[in-house]
Each structure stands twice: as structure tokens, then as C-alpha cells.
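I opened this entry to look up surface patches and unusual backbone angles. My notes follow the structure.

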Amino acid sequence: DEPLGVTISLEDAIRFMTLGGAYSMRKENELGSIEKGKAADMVVLNQNLFEIDPDSIINCNVVYTIFAGKIIYDAKMPE
């Protein structure tokens, strides 16, 4: 399959979806990057996106979801 339009780097895609999203909400000083004093909302994946084939990203699984600094989803824990 050929790309439908402009192709961007993985690093740019992640930046746009994190810091870019925070910036669009005017909350870039509170959200969007991992820094002291910012909200710790994030997911931890089972693979490093920068070390795998981009076509395999869709097969990554969430190991943890962290919201407000607390783990709210742990793949190892039964629901």
C-alpha cells in the first residue's frame, strides 16, 4: 500500500499527538511531555516504537496506562 499523502517521521507524529495536543488546548505548561511538574498521563507499550518496523506499530500492546500519576491499567492484572 502506498501512503495517502505526506509522510512524517515517527518522532514528529508522537510530538504532534502529545505536545501538539497539549498546545492546541493551551496546556503545554501542564501536559504533553514528561517533565517535572506536568501531569503524568501516559501509556507504556510492550515494544519500543523506534526499534521496530513502522508497519508493526499497530501490533504493539499497552502494558500500563498511567493517569494522574497512578497506574489505572496493568496488563498483568486480571480485570
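**Nonpolar patch and positive phi**

I started with Val 43, which is partly exposed at a relative accessible area of 46% (buried is under 20%, exposed over 50%, partly exposed in between; 1.4 Å probe, protein chains only). Val 43 sits in strand β1, residues 42-45 (helices, H or I, of at least four residues and strands, E, of at least two are DSSP runs, numbered from the N terminus).

I noted the basis too. The model is predicted, with local features needing pLDDT of at least 70, side-chain atom pairs counting only at pLDDT 80 or more, and totals for chains, interfaces and linings using all residues. Residues are numbered from 1 along each chain as its sequence is written, and side-chain values use heavy atoms, leaving out hydrogens and water.

Next I looked up the patch. Val 43 joins Val 62, Phe 67, Ile 72 and Tyr 73 in a nonpolar surface patch of about 460 Å². Strands β2 (62-67) and β3 (70-74) are the elements that give two or more residues to it. Patch residues have over 30% relative accessible area and no salt bridge, and nonpolar side chains (Val, Leu, Ile, Met, Phe, Trp, Tyr) are joined within 5 Å, like charges within 9 Å. A salt bridge puts a side-chain nitrogen of Lys or Arg within 4 Å of a carboxyl oxygen of Asp or Glu. Areas come from the Shrake-Rupley method with a 1.4 Å probe.

Then I checked phi. Most residues other than glycine have a negative phi. Arg 26 has a positive phi of about 60°. I found Arg 26 in the loop between α2 (19-24) and β1, exposed at 75% relative accessibility. Ala 68 has a positive phi of about 55°. Ala 68 is in the loop between β2 and β3, and is exposed at 54%.
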